[in-house]
Amino acid sequence: MKAFLLLLGVICLTCRTKSIPVHTFSSETEYAILFDAGSSGTRMEIYQFLASGPTLKPSDILELSPSPSKVEPGLSSLAEDPSQVEEYMTPLLESAKKTIPEDKQASTPIFLLATAGMRLLPEDQADAILNEVQKLFNDKDKCPFMFQDDNDARIITGQTEGIYSWVTVNFLAGAYRLKGFTYGSLDLGGASHQNTWIFNSNHSDVMVIAIAGRNFSIFARSYLGFGQDQARERYLRVIAQKENCDENSECVVKSPCHNKGFKEPLTFDDQERVFEGTARVNLCRRIISKIFFCHSPDLEECPFSDQPKLEGKFYAFSAFYYVLTGIKAVCSDCENNQVSPAKIRLYSKSFCKTDYNELKEDPYAKNDCFGANYIYELLTEGYGLRPYRKITVANSLNGFDLGWTLGAVLHNTGILNA
């Protein structure tokens, strides 16, 4: 797992830090375009800036609504024929041309940052796709926007996503304007989980980045396979194997992490088995703890073994928000949701005891008993949070979604350093 740890910074301060490409914000630049090239599709974000510099506020940014703003499937689907990149991207480029005034297009930076699907491709196939993207973005007849460097179209790591999410959270919370205080970020996706926060130590995973005229010592780590969907699939595989159901398609697997009344076929490793919920929450947590949060010094088997305990205040988002609203531990209409492991434990136990027949109209409910208990174990066993230590769980802040895309634009344009 250590091989995948982030070594990243705006300024290369030591020989082990790697810099993320960043540009100097031009006073003429009022817009920026970001293509989020994910596994299921490519989504376009367009931001308009009304100001720049360290005093920039969320109210100084407008998130525009181009149409269309997404194409499907993911960019990685073009691996067998990269020549289709132009046809694939053209609807989004045409949409951007209609959204951004013509006299501003030449000064509008454009970025394509690829994530999950592209990371999984062989290097030669991924490079071939990116080469076609770069070729298209360099053609001013087809792409009139400011494409400064081929590094502006690239694959980013999960750890880089974590850094960008941290930038988003702290910008929206106004932390850059508060001397000496920032928030940490916890992002739980489908395939991976990121934690990013200020950590003033000599830890090998700490790097220094410069934002808004200040230097920050950041710890950032991404855990591939610890996202909500992949974790649940791994759990299903383990309990199926334990009941010797991995070879018997007729076998019914008893699942302590599903509600009573649940009995449906579920898929793992391209296999389908019927799982029946028993809602044995204590057993559910013990299994999750054993699978994911063991304490052996072997980092391949137990990657959380050298994870520092969280320090300071944190925002948790993505699946944290969706699962915890699903079990009612978090209010979907509230702006300041603070939860503790003790509260998650209480609400997850109550939710898991609810008969599934009362919940099944919600298509996500079947996953929430596992999800809530996984989050509880992640916070307590993975991070060592005490029962009443609170974190803030949110989906948005100051009118913007919490995630990595806004932070990526703020960082890659260098607008906060202007």
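**Entry 1: Glu72 and Lys70**

I looked up Glu72 in this predicted model and found it exposed, at a relative accessible area of 59%. The class follows because exposed means over 50%. I then checked for a charged partner and found Lys70, which forms a salt bridge with Glu72. The closest N and O atoms of the two are 3.9 Å apart, and the cut-off for a salt bridge is 4 Å. Lys70 has a relative accessible area of 39%, so I logged Lys70 as partly exposed. For the whole structure I noted 14 salt bridges.

**Entry 2: Glu94 and Lys97**

I went next to helix H1, residues 85–99, which holds both Glu94 and Lys97. They sit three residues apart, about one turn of the helix. Their side chains meet in a salt bridge at 3.0 Å, N to O. I looked up the accessibility of each partner. Glu94 is partly exposed at 37%, and Lys97 is partly exposed at 23%.

**Entry 3: Glu161 and Arg119**

What does the salt bridge between Glu161 and Arg119 tie together? I first recorded the distance: the closest N and O atoms of Glu161 and Arg119 are 2.5 Å apart. Glu161 belongs to helix H4 (residues 158–172) and Arg119 to helix H2 (residues 116–119), so the pair ties together parts that are 42 residues apart in sequence. I logged Glu161 as buried, because its relative accessibility is 10% and the limit for buried is under 20%. Arg119 is partly exposed, with a relative accessible area of 30%. I also noted a network: salt bridges with shared partners join Asp36, Arg43 and Glu45.

**Entry 4: H4 against H10**

I stayed with H4 and looked up its crossing with helix H10, residues 405–413. The two axes come within 7 Å and cross at roughly 95°. I therefore entered H4 as roughly perpendicular to H10, since that class covers 65 to 115 degrees. From H4 the contact is made by Tyr164, Val167, Thr168, Phe171 and Leu172. From H10 the contact residues are Leu406, Gly407, Ala408, Leu410, His411 and Asn412.

**Entry 5: Helix H9**

I checked the span of helix H9, which runs over residues 365–382 and has 18 residues. From its first C-alpha to its last, H9 reaches 24 Å, close to the 26 Å expected at 1.5 Å a residue. I then looked up its burial and found H9 mostly covered, with 16 of its 18 residues buried. Just after H9, I noted that Gly384 takes a positive phi of about 70°.

**Entry 6: Ser348**

Is Ser348 buried or exposed? I found Ser348 buried, at a relative accessible area of 0%. Ser348 is in helix H8, residues 341–353. I looked for polar partners of its side chain and recorded that one of its polar atoms lies 3.0 Å from the backbone oxygen of Arg345. I then listed the contacts of Ser348, leaving aside neighbours within four places in sequence: Arg285, Ile327, Ala372 and Asn373. As a last lookup I took the separation of Ser348 and Pro363, which are 15 residues apart in sequence. Their C-alpha atoms are 18 Å apart in space.

Notes. Residues numbered from 1 in each chain as written. Predicted model: local features only at pLDDT ≥ 70, side-chain atom pairs only at ≥ 80, totals over all residues. Heavy atoms only, no water. Helix = DSSP H or I, 4+ residues; strand = E, 2+ residues; numbered from the N terminus. Buried < 20%, exposed > 50% of the residue type's maximum accessible area, 1.4 Å probe, protein only. Contact = heavy atoms within 4.5 Å. Polar contact = N/O pair within 3.5 Å; in protein donor to acceptor, adjacent residues only side chain to side chain. Expected span 1.5 Å × (residues − 1). Axes fitted to C-alpha atoms, helices over the stretch in contact; angles between N-to-C directions. Parallel < 35°, antiparallel > 145°, perpendicular 65-115°, else oblique.
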